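Welcome, and thanks for taking a look at this one with me. Below are some notes to read alongside the structure.

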Amino acid sequence: MNRIKGILYAAVSSSTFGLAPFFSITLLLAGFSAFEVLSYRWGVASVVLTAFGLFSGCSFRLSKKDFGVVFLLSLLRAVTSFSLIIAYQNIASGVASTIHFMYPLAVALAMMFFFQEKKSLWVMFAVLMSLLGAALLSLGELDAKNGNTMIGLVAACVSVFSYAGYIIGVRTTRAVQINSTVLTCYVMGLGTLFYLIGAFSTSGLQWVTDGYTWLIILGLALPATAISNITLVQAIKYAGPTLTSILGAMEPLTAVVIGVLVFKELFTVNSAIGILLILMAVSIVVFRRQKS
């Protein structure tokens, strides 16, 4: 029963998170900086989740040890969102999201080499396949307007490892015992603080007054952030990090479709083969591990 609940949570998390590129790029095109987009995104989400947690009777009291772990997890999660925003600014959003989806391979490798899980030649093969897929993506039409391709690719790769670290940390540290809503509130609240510091240290934070922009912010903050993150934590706890990772396949697929239909990003044969190879690589890792 817990496994089924985990699968359902993972499906909700991946499908809602896949909407993030649409809302994020819309705000970036409207003149918001990366720090501003993330400050509003995480700030609104953390306020809503905190209100939900208080209404649900959650206790937000943490021990010093728990807070230390949560602080480190919030850094990893904040780096993930920031690096993805930088990637969206410099390469096609579908490509950035597909590269980001290589995080299950990073999770599998880390679990093998650092947490004594059984080593597998299939994992090594899958890693090579995913690297080939990423190479094909980089050969395609992946540039965003006025973007730096190298910066975009590096940023997308950074998001792979930071997100893998966050997923592993949620499952293998003291964080696994913390209420999902409480954990997500702390991670987002601390992340908001990091982004606000970045915003006021650079271009500042512009105030939003028009209704349309607020609708975009709410779309980014609620389904694409609050709901996706809290269901992600629940999925990891119930289904484990690996199965949660494979069920995240809807993230890049949603991003690719939105990129092509809304932002007129090109979709080439290289792009199609590269995406297919990465999805196959992740599938090989997870299905082999589920059998073992």
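The numbered points that follow go from the overall fold to single residues.

1. **What you are looking at.** Please keep in mind that this is a predicted model. The protein chain has 292 residues, and 55% of them are buried. Its secondary structure amounts to 13 helices and zero strands. If you walk along the chain from the N terminus, the elements therefore read as α throughout, under the DSSP-based assignment of helices and strands.

2. **How H4 and H9 pack.** A good pair to find on screen is helix H4, residues 64-90, with helix H9, residues 180-201. Their axes lie 8 Å apart and make an angle of about 60°. The two helices are therefore oblique to each other, because an angle counts as roughly perpendicular only from 65 to 115 degrees and as roughly parallel under 35. As for handedness, H4 passes H9 in a right-handed crossing.

3. **The salt bridge.** How many salt bridges does a search of the whole structure find? The search finds one. It joins the side chains of Asp66 and Arg174, with 2.8 Å from N to O. Asp66 belongs to helix H4, while Arg174 sits in the loop between helix H8 (149-172) and H9, so the pair ties together parts that are 108 residues apart in sequence.

4. **The two partners and their cover.** Are Asp66 and Arg174 buried or exposed? Asp66 has 15% relative accessibility and so counts as buried, the limit for buried being under 20%. Arg174, with a relative accessible area of 39%, is partly exposed.

5. **Two residues of H9 and their distant neighbours in sequence.** Leu183 is part of helix H9, and with a relative accessible area of 0% it is buried. The C-alpha atoms of Leu183 and Asp66 are 9.8 Å apart in space, although the two residues are 117 apart in sequence. Met188 is in helix H9 too, and it is buried as well, at a relative accessible area of 1%. From Met188 to Arg77 the C-alpha distance is 8.4 Å, for a separation of 111 residues in sequence.

6. **Pro104 in H6.** Moving on to helix H6, you will find Pro104 there. Its relative accessibility is 4%, so Pro104 counts as buried. Pro104 and Ile167 are 63 residues apart along the chain, and 9.3 Å separates their C-alpha atoms.

7. **Leu29 in H2.** Helix H2 covers residues 20-29 and includes Leu29. Is Leu29 buried or exposed? At 66% relative accessibility, Leu29 counts as exposed, since the exposed class covers values over 50%. The C-alpha atoms of Leu29 and Gln89 are 9.3 Å apart, with the two positions 60 residues apart along the chain.

8. **A nonpolar patch on the surface.** Do have a look at Phe113, Phe114, Phe115, Leu121 and Met124, which form a nonpolar patch on the surface. Together they have about 560 Å² of accessible area. Which elements give two or more residues to the patch? They are helix H6 (103-114) and helix H7 (121-139).

9. **Phe115 within the patch.** One member of the patch, Phe115, lies in the loop between H6 and H7. With 35% relative accessibility, Phe115 counts as partly exposed. That value also explains why Phe115 can belong to the patch, because patch residues need over 30% relative accessible area.

10. **Where to start.** If you are short of time, begin with the oblique pair H4 and H9, then look at the salt bridge between Asp66 and Arg174. After that, turn to the nonpolar patch on the surface that includes Phe113 and Met124.

How values were computed:
Residues numbered from 1 in each chain as written. Predicted model: local features only at pLDDT ≥ 70, side-chain atom pairs only at ≥ 80, totals over all residues. Heavy atoms only, no water. Patch = residues over 30% accessible without salt bridge, like charges linked within 9 Å, V, L, I, M, F, W, Y side chains within 5 Å. Areas by Shrake-Rupley, 256 points an atom, 1.4 Å probe, with all protein chains shown as cover. Salt bridge = Lys/Arg side-chain N within 4 Å of Asp/Glu carboxyl O. Helix = DSSP H or I, 4+ residues; strand = E, 2+ residues; numbered from the N terminus. Buried < 20%, exposed > 50% of the residue type's maximum accessible area, 1.4 Å probe, protein only. Axes fitted to C-alpha atoms, helices over the stretch in contact; angles between N-to-C directions. Parallel < 35°, antiparallel > 145°, perpendicular 65-115°, else oblique. Left-handed = near helix turned anticlockwise from the far one by under 90°.
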